Amino acid sequence: IVMLLVDKIIMPALVHSSSVVIVPVVVGRPSGEAIHDLTALGFTISQIDTHADERAEPGSVLYQSPYGGAEVKEGRKIFLIVSSGKELQSLPNLVGLTLRDAKIKLQMVGLSVGEISYEYNAGVPEVTVLRQSRAPGSRIAMDAALALVVSSGPQEQNVVMPALVGRTLAEAQTYVQEARLVFGQLTYKTNHNVLPSTVLEQHPAAGDTVKQGSPVQLTVAGE
């Protein structure tokens, strides 16, 4: 009988001797509004932690303790966890790395390469990173992609193919070198109407526009 009295009459009387309030549901609400409403009801905010959550708006409440709807004494301390948004990662320095190494380095920290643009640069080897869209040390979301500017090496110059037919092979070599072209296939063909080592045919043809470093194929009169 004594225990029954304590459980059913005395304890409820003690609990209700202090004001009992219902904790409002603040999960999903902006933390500023949640804190304002909780303190207006006489609650005390004991601690606010943050947690990265890409599904929740930054600054919104992810968790509360006690939970919403709980009956507690007036002035109860409330613990909140607030979303800091998407998880952020510090950007490494990629300038000077090859494109392949830059991709690997980004993957190691959970990031990826986005748009890649190319730029001529005589002083930097091809496929070497010249610039990155965000400065090293910047913090970006884990699912963000980083744009890179990559060297395509020195700009190739166009030259006009010199006329080599009718010239000697030695003269043709000089013209090819002066135009910054290179010798490709050299074919000898019997022709008794010209002196030996005279150029009979050329490819590309005289007057064609070609890039520096292009090969030149010649057919030359044999002995």
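Welcome! A good place to start is the salt bridge in which the side chains of Arg131 and Glu119 meet, at 2.9 Å from N to O. Arg131 belongs to strand 8 and Glu119 to strand 7, so this pair ties together parts that are twelve residues apart in sequence. Please keep in mind that the model is predicted; its mean pLDDT is 87, and 92% of the residues reach 70 or more.

**Where confidence is low**

- Over residues 2-11 the pLDDT is below 50, and this stretch has five contacts in the model beyond near neighbours in sequence.
- Residues 13-17 also stay under 50 in pLDDT, and for them the model has one contact beyond four places in sequence.

**The three-stranded sheet**

- Three strands form an open sheet in the order 7-10-8, with mixed pairing.
- At the edges are strand 7 (112-119) and strand 8 (129-132), each of which pairs on one side only.
- From one strand to the next, the twist averages 30°.
- Strand 7 and strand 10 (residues 145-151) run parallel and are joined by six bridges.
- Glu119, the residue from the opening salt bridge, has Ser151 in strand 10 as its bridge partner.
- Helix 3 (residues 99-108) lies across strand 7, strand 8 and strand 10, and runs at about 160° to strand 7.

**Salt bridges and how open their partners are**

- The model has six salt bridges in total.
- In the opening pair, Arg131 is partly exposed with a relative accessible area of 42%, and Glu119 is partly exposed as well, with 31%.
- Another salt bridge joins Lys189 and Glu201, whose closest N and O atoms are 3.8 Å apart.
- Because Lys189 lies in strand 12 (residues 182-189) and Glu201 in strand 13 (residues 199-203), their contact ties together parts that are twelve residues apart in sequence.
- Lys189 counts as partly exposed at 45% relative accessibility, and Glu201 is partly exposed with a relative accessible area of 41%.
- Arg29, Glu33 and Asp37 are joined into one network by salt bridges that share partners.
- The side chains of Arg100 and Asp101 also meet in a salt bridge, at 3.7 Å from N to O.
- Is Arg100 buried or exposed? With 61% relative accessibility, Arg100 counts as exposed, because the cut-off for that class is over 50%.
- Asp101, at 35% relative accessibility, counts as partly exposed.

Technical notes: Residues are numbered from 1 along each chain as its sequence is written. This is a predicted model: local features need pLDDT of at least 70, side-chain atom pairs count only at pLDDT 80 or more; totals for chains, interfaces and linings use all residues. Side-chain values use heavy atoms; hydrogens and water are left out. pLDDT is the predictor's confidence in each residue, from 0 to 100. Contact means heavy atoms within 4.5 Å. Two strands pair if DSSP finds at least two bridges between them. Helices (H or I, at least four residues) and strands (E, at least two) are DSSP runs, numbered from the N terminus. Axes are lines fitted to C-alpha atoms, for helices over the stretch in contact, and angles run from 0 to 180 degrees between N-to-C directions. A salt bridge is a side-chain nitrogen of Lys or Arg within 4 Å of a carboxyl oxygen of Asp or Glu. Buried means under 20% relative accessible area, exposed over 50%, partly exposed in between (1.4 Å probe, protein chains only).
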